[in-house]
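User: Please take a close look at a single helix in this model. I would like to know how its faces are arranged and how it sits within the whole chain.

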Amino acid sequence: MRINIAVHDYQTVNLDIVRAIIENHIDDLKGFSKLMLNLK
């Protein structure tokens, strides 16, 4: 999954992968962000 690549490759950020996540998986990213913000 590309999101895992973007998050776990700490040495570099591949802007093509970031763009693909935003363009194709924004709902997944928003859902994940919402879950993280609701953690106690």
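Analyst: The second helix comes after a short look at the chain, and the surface follows.

The model is predicted. Its chain has 40 residues, and buried ones make up 10% of them. The secondary structure comes to three helices and zero strands. Along the sequence the pattern reads α-α-α.

Now the helix itself. H2 covers residues 15-24. Its buried residues are Ile17, Ala20 and Ile21. Viewed down the axis of H2, these buried residues fall within an arc of 100°, so they line one face of the helix. The spacing fits a general rule. An α-helix has 3.6 residues a turn, so residues three or four places apart point the same way. The face of H2 turned away from the buried side carries exposed residues: Leu15, Asp16 and Glu23.

Next, the surface. The accessible surface of the chain comes to about 3800 Å². Carbon and sulfur atoms hold 59% of that area. A nonpolar patch lies on the surface, formed by Ile22, Ile26, Leu29, Phe32, Leu35, Met36 and Leu39. Together these residues have about 660 Å² of accessible area. Helix H3, residues 26-37, gives the largest share of the patch, with five residues.

Leu35 is one of the patch residues. Its place is in helix H3. The relative accessible area of Leu35 is 57%. Exposed means over 50%, so Leu35 counts as exposed.

Terms used
Residues numbered from 1 in each chain as written. Predicted model: local features only at pLDDT ≥ 70, side-chain atom pairs only at ≥ 80, totals over all residues. Heavy atoms only, no water. Buried < 20%, exposed > 50% of the residue type's maximum accessible area, 1.4 Å probe, protein only. Helix = DSSP H or I, 4+ residues; strand = E, 2+ residues; numbered from the N terminus. Arc of directions from axis to C-beta. Areas by Shrake-Rupley, 256 points an atom, 1.4 Å probe, with all protein chains shown as cover. Patch = residues over 30% accessible without salt bridge, like charges linked within 9 Å, V, L, I, M, F, W, Y side chains within 5 Å. Salt bridge = Lys/Arg side-chain N within 4 Å of Asp/Glu carboxyl O.
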